[in-house]
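Let's walk through this structure with a few questions, the sort you might ask at the bench. Have a look at it first, then we'll start with the ligand.

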Amino acid sequence: MSARLTSIDGLKPGVVLPGYDRDAHGAGIVHIGLGAFHKAHQAVYTDDALAARGGDWRIIGVSLRSTAPAEDLTAQDDLYTLLERSVDGTVPRVIGALHYALSMQTNATAVRAALCAEETKIVTLTVTEKGYGIDRTTGGIDRAHPAIAADLAAPEAPQGVAGLLVRALGRRRAKGLAPFTVLCCDNLPENGKMVRSLLIDHARHVAPELVEHIATEVAFPSSMVDRITPAQTPDTLKLAEDLTGFRDAAAVETEAFRQWVIEDHFPQGRPAWEAGGAIFVSDVSPYEEMKLRMLNGAHSMLAYSGFLSGHGYVRDVMRDPALAALVGRHMRAAAATLKPLPGADFESYAEALLSRFENPHLAHETYQIAMDGTEKLPQRILGPAVAALSAGSDLSAFAFATAAWMRYTLGRKDDGTPYALRDPRETELTDTGTPTATALADRLLALPGLFPAPLRDSTAWREAVTTRLDRMMTLGMRAAVEAEAGAA
Ligand code: CS2
C-alpha cells in the first residue's frame, strides 16, 4: 500500500504542485465549512493567488459538525489532492493553501481564537443554504434553527455561524481590532446582504450594542461561486492514489471549469484571487441570478425528475433524450427571466452548462442535488417562476420542476422503493397517506414561507403544477417526462 500524503516530495510526475513556499505564508482567512466545495473552489483560487502574488493569506479551515475533514487534513500536513476531470483527462494537483484545519466539535476554543486573531482579515463561508439559520421571510434569524437556538441560549459559547461571527466581531471590537470581512460563498441570492442581515438580527438578540458596528463597519461582499463538485467516493481516493502515488483521505474530484464573481469590497485587503481567474465587479446580483436560475435551477429540476426516472448521475440524465430536452428547455425559460447582463450571452452560457452536465467523468449524484429542496427551490425555481408569471410567459418549465419536487417529497420511487428526503423541513413535508395530486400540491403550496404569494394566489400556476403532478403520480415519472418533452 502507498504511503500517506504528508508532503509534496516524491509525488508522481505530472502532479501540479503549490507554486510557492508554504511556510513563508501565514494565515489571513478563516474558512467555515471545510467540505469538498471549498477545497475545489476558494482554496484553489487562494493557491493561485499565493503563487502569483504571495501574502499571508493561507486558510484556517473549520468544520462545524463532522470531525473527519479536519482530522484527515491534519494527518496530511493540510495537503490534499484535487482531481480536475474533463474529457481531456484528469489533472492531479496538490493544494497547499490550507494552513491548518480545525473541528468545531473537538476544538471550539481554537476556532473562536482564530476568529479573534489580528491576522484574520477575511472569514469565508460555505455552510450550505440550510447552515445559516436564516428566516427567508424576514431575512432575520430563524429561532427554530438548532444552531441559532443554541447560540441564543449560550451566546458566549457559540456553535453556529451567526453566533460565532457575532461573538468574534464583538471581541475584536473590544480589543480594538478591525473587523474581518465576511465573504459568503453559498448558492444564495445576494448572499452578502443575507448574511449581513442575519448577523445584525442575531446581534439584536445577544449583543444589541454591536448592531450599529456590524451594520456600518463590517463588509459583506456578495459572491457568485461555481464549480460542480461531487461528493468524494472510494473511486476518488483510488484515482488520487493512482495518479500521485500517495494515499489521500482528503482528495476531491471536480470539473475543469470554475468561476468566481466577487464584489470588490475588502477593507482589510484580500488575496489576489484574480490570479486564479476570479472576476471582481461592483454588483454581483445579475451573475448570481444567471447562475442560480440557469445552472442550479436546471440541476434541481433534473435531480428530482432524473432520480425518479431511475438515473443515479447527472451524466445519465443527459444521455436520456427526453430529459436532456427538458434540461435545455429549463435553461431557456430561466434565461428569459433574466435582465440582460453586458458581456454575458445566455445562449452560449446554456450550451456550456449542457456540456458540463454531460461530463462523463463526473459522478455527480442526482440524489445529492435533490437534498434540501425547501432551501434551494426559492432562488432556483420559484423566483424565476414569479418573474415568468408577471411577464405573462409560459410557466411550463418551472411548473414541471416544482411538480417533480412535490412528487419527490413522497419519499418513494414509482416502484415503491423508499428513500430519505434529506431536507430540514422533512417532517412538515412528509405525507403518510396516499394523497391526490391536488391535495399534495395544495398542502405544499401552503407551507409557511416557501411559495411566494404571487404563486400561491395564481390559479394558472396551481393548475400548471397540479396537472403535471397528477401525471407523475398516476402514470409514473418516466411517462410524465416523455409527455412533457413531447409537448415542449
Ligand atoms: C448543485 C450545486 O447540489 C446542488 O444543489 O446544484 O452544488 C452545483 O453543483 C454548484 O452550485 C455548481 O457550482
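A polar contact is a pair of N or O atoms within 3.5 Å. Keep in mind that this is a predicted model.

Q: How far is an oxygen atom of the ligand from an N or O atom in the side chain of Arg380?
A: A pair of N or O atoms counts as a polar contact within 3.5 Å. Arg380 offers a side-chain N or O atom to an oxygen atom of the ligand, and the distance between them is 2.9 Å.

Q: How much of the ligand's accessible area does the protein cover?
A: On its own, the ligand has 340 Å² of accessible area. The share of this that the protein covers is 88%.

Q: Which side chain has an N or O atom 2.5 Å from an oxygen atom of the ligand?
A: The residues around the ligand include Asn187, Asp226, Arg227, Lys291 and His364. For His299, a polar side-chain atom lies 2.8 Å from a ligand oxygen, so that one doesn't fit the 2.5 Å asked for, given the 3.5 Å limit for any such pair. The side chain with an N or O atom at 2.5 Å is that of Asp226.

Q: Which helix gives the largest share of the shell around the ligand?
A: Two helices, H10 (285-307) and H15 (373-391), each supply at least two residues of that shell. The largest share is 3 residues, and they come from H10.

Q: How many charged residues does the shell around the ligand have?
A: Domain 1 (22-281) and domain 2 (285-487) each put at least three residues into the shell. Sorted by class, there are 2 nonpolar and 4 polar residues. The number of charged residues is 5.

Q: Is Met294 of helix H10 buried or exposed?
A: Met294 is found in helix H10. The C-alpha atoms of Met294 and Leu421 are separated by 24 Å, with their positions 127 residues apart along the chain. Buried means under 20% relative accessible area, and at 0% Met294 is therefore buried.

Q: Why is helix H6 largely enclosed by the rest of the structure?
A: H6 (residues 161-175) has 15 residues and reaches 21 Å from its first C-alpha to its last, close to the 21 Å expected at 1.5 Å a residue. Its buried residues include Val161, Leu164, Leu165, Arg167 and Arg172. The helix is largely enclosed because its count of buried residues is 11 of the 15.

Q: What phi does Gly176 take?
A: Gly176 comes just after H6. Its phi is positive, at about 80°.

Q: Which loop residue, not a glycine, has a positive phi of about 65°?
A: Most residues other than glycine have a negative phi. Glu190, in the loop between strand E7 (181-184) and helix H7 (191-206), has a positive phi, but it is near 45°. The residue with about 65° sits in the loop between helix H3 (68-74) and strand E3 (80-86), and it is Asp78.

Q: Is Asp78 buried or exposed?
A: The cut-off for buried is under 20% relative accessible area, with partly exposed running from there up to 50%. Glu190 has 35%, so it is partly exposed. Asp78 has 6%, so it counts as buried.

Q: Which side chain does a polar contact of 2.7 Å join to that of Asp372?
A: Asp372 has its place in the loop between helix H14 (366-370) and H15. At 3% relative accessibility, Asp372 counts as buried. The 2.7 Å polar contact joins its side chain to that of Lys130.

Q: How is Arg319 classed, buried or exposed?
A: Arg319 lies in the loop between helix H11 (314-318) and helix H12 (321-335). Its C-alpha is 7.6 Å from that of Glu358, 39 residues apart along the chain. Exposed means over 50% relative accessible area, so at 55% Arg319 counts as exposed.

Q: How far apart in space are Gly416 and Leu308, C-alpha to C-alpha?
A: Gly416 lies in the loop between helix H16 (396-408) and helix H17 (426-429), and it is partly exposed with a relative accessible area of 39%. Gly416 and Leu308 are 108 residues apart in sequence, while their distance in space is 11 Å.

Note on methods: Residues numbered from 1 in each chain as written. Predicted model: local features only at pLDDT ≥ 70, side-chain atom pairs only at ≥ 80, totals over all residues. Heavy atoms only, no water. Helix = DSSP H or I, 4+ residues; strand = E, 2+ residues; numbered from the N terminus. Expected span 1.5 Å × (residues − 1). Buried < 20%, exposed > 50% of the residue type's maximum accessible area, 1.4 Å probe, protein only. Near = heavy atom within 4 Å. Polar contact = N/O pair within 3.5 Å; in protein donor to acceptor, adjacent residues only side chain to side chain. Areas by Shrake-Rupley, 256 points an atom, 1.4 Å probe, with all protein chains shown as cover. Nonpolar A, V, L, I, M, F, W, Y, C, P; charged D, E, K, R; others polar. Domains from an automatic or database assignment.
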